[in-house]
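Hi,

Here's the structure I said I'd pass along. Have a look at it first, and my notes on what turned up are right below.

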Amino acid sequence: MEKWDRNVPAGLKRTGKWDICPAGHERGEIAAARNLHLLVDAEHSYINPGSSLVALAMMAVFNQKRPVVANTYQCYFKRALETLKLELDVTESLGACFAVKLVRGAYLERERELDSTSTCESHAKTGENYHRVLDQALLHAKKVGPDRCLVITATHNEDTIRHSVLRLLELGLDPTAGHVVFAQIYGMAEQISMPLEGYVPAHAGYLVYKSVPMGTLNQVLPYLARRAAENRSVLHGARKERELLQRELIWRLTSRFQR
C-alpha cells in the first residue's frame, strides 16, 4: 500500500472511507445487490484518466468479494498493456478483484488528431496489441481463479475469438466458470456468437453476452455506426454471415426436395 499511497491520486488512497461519485456508488450498490456486472465504458483519451479513477475506486468498494465493476481498455492505444498492468497492480494492492472489458476502440480518427503517436499504426497492429493485452488478462485469471477475476473479450473479430479460445485451452481455463466471457452486439457477428464453425461460444460451452442498445433512432444509430467503425471485421462478418445464411437456405431447400 505504501507504494500506491505515493503514486495514486488522493481519491484512491485508503483513508477508512472511499469517496466516489454518488451516481457510481448508487449503481454499484444495485449491481452488487442483484448479482450483476457494472461495466465502465471508455471514452476519449482526455476523459479516460478520470473515468478510470472512478472505476478503480468503485472496484475497491464493490469488488472485495467478487468482480462486480469492470473497467474498459481500448487496445488501439499503444499503452493499453501498460495501463492494464498498472491498474491491475492497483486493484491487487487494494485487495479487490480485477475485472476488465477489452475493446479495440471507437474514436480512432479523433485520437489520431489529438496525438498520432499514441495509437497503433494499423488495424493489424491493433489486433496484435489486443492479443497482448488479452494474454495478460488471461494470465491473471489463471493466477487468481474464477472467483477473483472477470475478463470480457468484447470483439467481433474472428481471429481474436480463435486466439482467445486457443489461449483458454492452453492455460486450462474452464470456459463455463464464468470469469472469461465473450461479448458482441445483438444482431452483429452472429456467425461468431453461434457455433457455426466449431470454435465459438454457446453450445461449445463458452459464455456470450449480447449487448442490446436501447433508445431512439437518433441515439442508437450513431452508437452502432461507431461500433462498425471500431472494427472493420464487422463488415467482413456481415458478408460472411450472408454467405452462411444463403448456404443454409440452399441446404434446407435441397434437402427437403430430396426426402
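Salt bridges first: searching the whole structure turns up nine of them. Bear in mind that this is a predicted model. I'll go through a few of the bridges here.

Let's start with Asp41 and Lys101, whose side chains pair up with an N to O distance of 3.8 Å. Asp41 sits in the loop between S1 and H3, while Lys101 belongs to strand S3 (residues 98-103), so this bridge ties together parts that are 60 residues apart in sequence. The two ends also differ in cover: Lys101 is buried because its relative accessible area is 15%, under the 20% cut-off. Asp41, at 41% relative accessibility, counts as partly exposed.

Next up is Lys78 with Glu121, where the closest N and O atoms are 2.9 Å apart. Here both partners are in loops: Lys78 in the one between strand S2 (69-74) and helix H4 (80-93), Glu121 in the one between helix H5 (108-114) and helix H6 (123-144), so the pair links parts that are 43 residues apart in sequence. As for cover, Lys78 is partly exposed at 38% relative accessibility, whereas Glu121 is exposed, with a relative accessible area of 54%.

Then there's a bridge within a helix. The side chains of Arg167 and Glu170 meet at 2.6 Å, N to O. Both residues lie in helix H7 (residues 158-171), and they are three residues apart, about one turn of the helix. Arg167 is buried, at 18% relative accessible area, but Glu170 is exposed, at 56%. This pair doesn't stand alone, either: Asp135 joins Arg167 and Glu170 in a network of salt bridges.

Away from the charges, what makes up the nonpolar patch on the surface? It comes from Tyr46, Ile47 and Leu114, and covers about 290 Å². Of these, I looked a bit further at Ile47, which is in the loop between strand S1 (38-40) and helix H3 (48-62). Ile47 has a relative accessibility of 36%, so it counts as partly exposed. That same loop, between S1 and H3, is where Asp41 from the bridge to Lys101 is found.

If you're setting up a view, the residues I'd pull up are Asp41 with Lys101, Lys78 with Glu121, the network of Asp135, Arg167 and Glu170, and the patch of Tyr46, Ile47 and Leu114.

Cheers

Conventions: Residues numbered from 1 in each chain as written. Predicted model: local features only at pLDDT ≥ 70, side-chain atom pairs only at ≥ 80, totals over all residues. Heavy atoms only, no water. Patch = residues over 30% accessible without salt bridge, like charges linked within 9 Å, V, L, I, M, F, W, Y side chains within 5 Å. Areas by Shrake-Rupley, 256 points an atom, 1.4 Å probe, with all protein chains shown as cover. Salt bridge = Lys/Arg side-chain N within 4 Å of Asp/Glu carboxyl O. Helix = DSSP H or I, 4+ residues; strand = E, 2+ residues; numbered from the N terminus. Buried < 20%, exposed > 50% of the residue type's maximum accessible area, 1.4 Å probe, protein only.
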